[in-house]
Each structure stands twice: as C-alpha cells, then as structure tokens.
Amino acid sequence: SGREPGWELGFSFTTTKDARLKGIWIQNPVKATIPVSVWDAETRQLQYSFSFRITDTLQYNHFILQQHVPLMANRKYCISMNVTGYYYQALSFAKFPLRANNCSMSSSVEEETHYPRYPQFEWNNLVHGLMDMDIDFKQ
C-alpha cells in the first residue's frame, strides 16, 4: 500500500486519589502533529483527545493542557498517542506496575493502527513511546 506504519501507544494508570491531568510530556523521533487520547481503560471509551505538535525529536516536548482532565480515584485510565515512529525502552530492573505519588502505572500499551483507537496489547517489561504526565491531586 506504500503507507507509513502507524502505532497507538502509551500506558495505563490509576490514581489512589481524585486528580487532574494538567500536562503531557512526549519524546518522539518524528516531527509531526500527533493525536493524543485519554481513555477509560475499563470501558475502552475515549474520554478526551488532543492534538500536539512535536518540534523537538531529542528532548521531551511539554504540552500544558488548557482544559484539565479530571481523573477519578481508583479508576483505570489509558493515555496514548498515534505515531509513525517511536522510541521504546526496556525495563531491565523493574516491571510494571510502577508506583509513585498516589499514581500507579499498570502497563505499557500498544497496537498497530493508523488512527487513534484503544491500544489493546499490554506489556509489563517494555515502554512503548516515551510519555509522562503532570498530575495535581485534590487535597
């Protein structure tokens, strides 16, 4: 078909307290505008979608959300991006789930697709696509 490859990838997570997603960090080898999605991982329904422009292929690109995404405590979410290329990292000493600051990353997720959809394949020892997030916890 001559089409570029495409992947939906990211990670699933839960928070132990109600929270707000305020920002997203992405490191990607391709300069492009990419769709980023926040899914309810239990229903696999799309909750929020964003479009971000990757301008730096070596450092993390930081995107501050104009509209914060509310996150309910103890509910599983997935954040993913749709890209034509990606960085990945093997976890040699740790495996998912990884926990820090009232947040638990359950798994890395990925699926080969040219358009955003819920990435159904889960990994516990590999990070597909380098993403991070800024979260505010409600006191």
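Which residue in E5 does Gly23 stand opposite? The views below will take you there, and please keep in mind that this is a predicted model.

**View 1. The whole protein is built from strands.** Start by looking for helices: there are zero, alongside 12 strands. If you walk along the sequence, you meet the pattern β-β-β-β-β-β-β-β-β-β-β-β. The radius of gyration is 14 Å, close to the 14 Å that the globule rule gives for 139 residues, so the protein is as compact as a globular protein of that length. Its C-alpha atoms fill a box of roughly 50 × 35 × 30 Å along the principal axes.

**View 2. Three strands make an open sheet.** Here the order is E5-E2-E12, with antiparallel pairing. Strand E5 (61–71) and strand E12 (130–137) are the edge strands, as each of them pairs on one side only. On average, neighbouring strands of this sheet are turned by 25 degrees against each other, direction ignored. As a reminder, strands of a sheet pair through backbone hydrogen bonds, either parallel or antiparallel.

**View 3. Strand E2 meets strand E5.** Zoom in on strand E2, residues 19–27, which seven bridges join to E5. The two strands run antiparallel. Now for our opening puzzle: the residue in E5 that stands opposite Gly23 is Ile64.

**View 4. Inside and outside.** How much of the protein is buried? Of its 139 residues, 42% count as buried. Turning to the surface, the protein exposes about 7,700 Å², and carbon and sulfur atoms supply 49% of that area. Among contacts with a separation of 6 or more, 78% come from residues 24 or more positions apart.

How values were computed:
Residues numbered from 1 in each chain as written. Predicted model: local features only at pLDDT ≥ 70, side-chain atom pairs only at ≥ 80, totals over all residues. Heavy atoms only, no water. Pairing = 2+ DSSP bridges. Helix = DSSP H or I, 4+ residues; strand = E, 2+ residues; numbered from the N terminus. Axes fitted to C-alpha atoms, helices over the stretch in contact; angles between N-to-C directions. Rg over C-alpha atoms; globule rule 2.2 N^0.38 Å. Buried < 20%, exposed > 50% of the residue type's maximum accessible area, 1.4 Å probe, protein only. Contact = heavy atoms within 4.5 Å. Areas by Shrake-Rupley, 256 points an atom, 1.4 Å probe, with all protein chains shown as cover.
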